[in-house]
Amino acid sequence: MAMLPTNVFLKILGREIPAAILYEDEFCLAFRDAHPLAPVHVLLIPKKVIRTHAELVPEDAAVMGHLHLIAAKLAADLGLTAGYRLVLNCDAGGGQTVPHLHLHLLGGRAFAWPPG
Ligand code: 5GP
């Protein structure tokens, strides 16, 4: 039987490797990035295996909306009253290194535009 390829986020989801988990529900998990690029750097992942943004299908609309609502809740819970940045890297050209869709929630410092 073919095995689903695993990755570091699926291992965090399965509690095979540790992470600083901030939030979990039926649809998603949020945990601190191991290499934070800002004072607050949280990753939000769907529990559904979605490799990347370009592979979203119409049935994923609810879970994607949910990820955004939880990101806003976490931003409030973490005190990001001045604002925050959400980043979603798609595929190698977009800077994606882990092949499981994820939203970066960054805050606690100023952010430049355009992004690097
Ligand atoms: P990407 O470059 O794919 O958009 O983001 C992947 C993120 O996952 C990076 O910011 C990286 O620091 C983070 N990351 C990679 N491995 C681990 C890990 O084992 N634990 C945690 N918490 N974050 C990780």
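Ala, Val, Leu, Ile, Met, Phe, Trp, Tyr, Cys and Pro count here as nonpolar, Asp, Glu, Lys and Arg as charged, and the others, Gly among them, as polar. With that sorting in hand, the shell around the ligand in this predicted model holds seven nonpolar, seven polar and two charged residues. The ligand sits in the largest pocket, so the ligand and its pocket make a good place to begin your tour.

**Around the ligand**

- The ligand is surrounded by 16 residues. Asp33, Asn89, Thr97, His102 and His104 are the closest of them.
- Helix 1, which spans 8-13, and strand 2, which spans 28-32, each contribute at least two residues to this shell.
- Helix 1 gives the most, with three residues.

**Polar contacts with the ligand**

- Aspartate 33 places a polar side-chain atom 2.4 Å from an oxygen atom of the ligand.
- Threonine 97 takes part through its backbone: one of its N or O atoms lies 2.7 Å from an oxygen atom of the ligand.
- Glycine 95 also uses a polar backbone atom, and an oxygen atom of the ligand is 3.0 Å from it.
- On its own, the ligand has 520 Å² of accessible area, and the protein covers 81% of it.

**The largest pocket**

- About 630 Å³ of space lies in the pocket that holds the ligand.
- Its lining is made up of 31 residues. Nearest the centre of the pocket are Asp33, Leu37, His41, Asn89 and His104.
- Asp33, Asn89 and His104 therefore appear in two lists: they are among the residues closest to the ligand and among those nearest the pocket centre, where lining residues have an atom within 4 Å of a pocket point.
- By class, the lining has 18 nonpolar, nine polar and four charged residues.
- Several elements each supply at least two lining residues: helix 1, strand 2, strand 3 (40-46), strand 4 (85-87) and strand 5 (103-107).
- Helix 1 and strand 2 thus serve both the pocket lining and the shell around the ligand, with helices and strands numbered from the N terminus.

**Backbone details to look for**

- Tryptophan 113 and proline 114 are joined by a cis peptide bond, with omega at about 5°. You can find proline 114 in the segment after strand 5.
- Arginine 15 is not a glycine, yet it has a positive phi of about 60°. Look for arginine 15 in the loop between helix 1 and strand 1 (21-24).

Definitions and conventions:
Residues numbered from 1 in each chain as written. Predicted model: local features only at pLDDT ≥ 70, side-chain atom pairs only at ≥ 80, totals over all residues. Heavy atoms only, no water. Near = heavy atom within 4 Å. Polar contact = N/O pair within 3.5 Å; in protein donor to acceptor, adjacent residues only side chain to side chain. Areas by Shrake-Rupley, 256 points an atom, 1.4 Å probe, with all protein chains shown as cover. 1 Å grid on protein atoms, 1.4 Å probe; cavity = no way out; pocket = protein on both sides within 12 Å on 5 of 7 lines; lining within 4 Å. Sits in = over half its atoms within 2 Å of the grid points. Helix = DSSP H or I, 4+ residues; strand = E, 2+ residues; numbered from the N terminus. Points joined across faces, edges and corners; volume = space filled by probe spheres on them.
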